[in-house]
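Here is a walk through one chain, sheet by sheet, then on to its ligand and annotated sites. Keep the structure in view while reading.

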Amino acid sequence: MRTPVILAIESSCDDTAAAVMAGGEILANVVATQQVHEQYGGVVPELASRAHQQHLIPVVQEALRRAKVAKSDLDAVAFTQGPGLLGSLLVGGMFAKTLALALNKPLIAVNHMRAHILAHFIRAPRPVFPFLCLTVSGGHTQLVIVRSALEMDVIGQTIDDAAGEAFDKTAKLLGLPYPGGPHLDKQARQGNPTRFPFPVGAMPGYDFSFSGLKTAVMYFLRQQTAQNPAFIQENLPDLCASIQHTIILTLLRQLTRAAEANGLTQIALAGGVAANSGLRAALTQLCAEKGWEVFIPDFEFCTDNAGMVAMTAHFQYEASDFADQLSSPDPRLKL
Ligand code: KG4
Ligand code: ZN
């Protein structure tokens, strides 16, 4: 087997995940998504920590079984150090430290946002450095110039809600189940994206703002349902398509400015919102028009997963970037 053989753990939010990578090749990628939060309409941190505690060992065992790797074959153990929920990070971090100590192998602390970006290196086609990455997830929205696997600069980010939150919060206003992003995406496919014009958050530089959209949608629905209580039901696809269109316009406007100003022609999309069909299509079309090359990872490596943590750990292993046993989780870890 190619080396190094790395076991990676991801537990930053509500997905418990483990992956095994050998010599940069992914051998297993296992994710257990927590269902418990659906009834609360959002992630409940205390319940997330408890669920990680229950799922983590079975998920690790399954990853090792699928990879046909024994614990004694491992060269390193990696974990997500942050950003994320403190209790959730503690469960994965503590497990990784204990296993590394027991096996007497190095420990690798991985930044979750770097991992979303480096997910592009798991499978071909892989971007070439430097490239521009738009990372859009439930917790973050960032424009990053990726100079190498270890050198990245955040040039723009959200000043309030993340793009995924904008999807989830507006979906909630429409009565869709949590997390609303995928449901909104599905409805939007049948709708007219220009039927209801919502405000595009205008920010200087390359930053983003989504809280105005949520407020605009809230007031609009309140006004319309006062006149017609069935307004949402009667117009659901058009409402979803119009909201999605606004989020996409907001994202792509800043991305275009950033790419042009920095002379970058390779554009990558990362994070859970990269699963959005409208965003994928609009970005693909934009890149075709501009003559840019576009990179969107497979769905399993867009949403939270440990494969991306393993890939990042592989680069860190090559650079001898190891953590010590005293390292602790950092919920606000910067890129
Ligand atoms: O990266 P991720 O799995 O977790 C975080 O680190 O946040 O992203 C989850 C986010 C959620 O907000 C979810 O609604 C959104 O990604 N999402 C989508 C779609 N699939 C997932 N948003 C819009 N359209 C989708 N198809
Ligand atoms: Zn994430």
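Five strands make up an open sheet in this predicted model. Their order is β8-β7-β6-β9-β10, and the pairing is mixed. β8 (152-157) and β10 (293-295) are the edge strands, each pairing on one side only. From neighbour to neighbour the strands are turned by 25° on average, direction ignored.

Look at the β10 edge. Strand β9 (residues 266-270) runs parallel to β10, and three bridges join the two. Here Gln-266 of the chain stands opposite Glu-293 in β10. Helix α8 (residues 277-290) packs on this sheet and touches β9 and β10. The direction of α8 makes about 160° with that of β10. Helix α7 (residues 231-262) also belongs to this picture. It lies across β6 (131-136), β7 (141-146), β8 and β9. Relative to β6, helix α7 runs at about 160°.

Now turn to the other sheet. It too is open and has five strands, in the order β3-β2-β1-β4-β5, with mixed pairing. β3 (25-33) and β5 (107-111) stand at the edges with a single partner strand each, so one side of each has no neighbour in the sheet. The twist averages 20° from one strand to the next.

At the β5 edge, five bridges join β5 to strand β4 (residues 76-82), and the two run parallel. Phe-79 has Ala-109 in β5 as its bridge partner. Helix α1 (residues 45-67) packs on the sheet, where it touches β1 (5-10), β2 (15-22) and β3. The direction of α1 makes about 25° with that of β2. Helix α9 (residues 307-318) packs on the sheet as well, touching β1, β2, β3, β4 and β5. Its direction makes about 130° with that of β1.

Helices also pack on one another. Two packed helices are described by the angle between their axes and the distance between the axes. For helix α4 (residues 163-173) and helix α6 (residues 211-227), the angle is about 10° and the axes are 10 Å apart. Angles under 35 degrees count as roughly parallel, and therefore α4 is roughly parallel to α6. On the α4 side, the contact is made by Ala-166, Lys-169, Thr-170 and Leu-173. On the α6 side, Leu-213, Lys-214, Val-217, Met-218 and Leu-221 take part. By class, this contact has six nonpolar, one polar and two charged residues.

Helix α4 matters again at ligand 1. Both α4 and α5 (180-188) supply at least two residues each of the shell around ligand 1. Which residues of that shell come nearest? Of the 18 residues around the ligand, they are Ser-137, Gly-138, Gly-164, Gly-181 and Gly-272. The shell divides into six nonpolar, nine polar and three charged residues.

Last come the annotations. An unreviewed UniProt entry gives "binding site" for His-112, His-116 and Asp-304. These three are spread over 193 residues of sequence, yet they cluster in space, with a largest C-alpha distance of 8.9 Å. His-116 has its place in helix α3 (residues 112-118). The unreviewed UniProt entry also carries the annotation "domain: Gcp-like", which covers residues 25-310. Over residues 25-310 the chain is 47% helix and 16% strand. The end C-alpha atoms of that stretch are 9 Å apart.

Notes:
Residues are numbered from 1 along each chain as its sequence is written. Chains are lettered from A and ligands numbered from 1 in the order in which they are written. This is a predicted model: local features need pLDDT of at least 70, side-chain atom pairs count only at pLDDT 80 or more; totals for chains, interfaces and linings use all residues. Axes are lines fitted to C-alpha atoms, for helices over the stretch in contact, and angles run from 0 to 180 degrees between N-to-C directions. Helices (H or I, at least four residues) and strands (E, at least two) are DSSP runs, numbered from the N terminus. Angles under 35 degrees count as roughly parallel, over 145 as roughly antiparallel, 65 to 115 as roughly perpendicular and the rest as oblique. Two residues are in contact if their C-beta atoms, placed from the backbone, lie within 7 Å. Ala, Val, Leu, Ile, Met, Phe, Trp, Tyr, Cys and Pro count as nonpolar, Asp, Glu, Lys and Arg as charged, and the others, Gly among them, as polar. Two strands pair if DSSP finds at least two bridges between them. A residue is near a molecule or strand if its C-beta atom, placed from the backbone, lies within 6 Å of it. UniProt positions are given in the numbering used here, feature names are shortened, and annotations may be inferred rather than shown by experiment.
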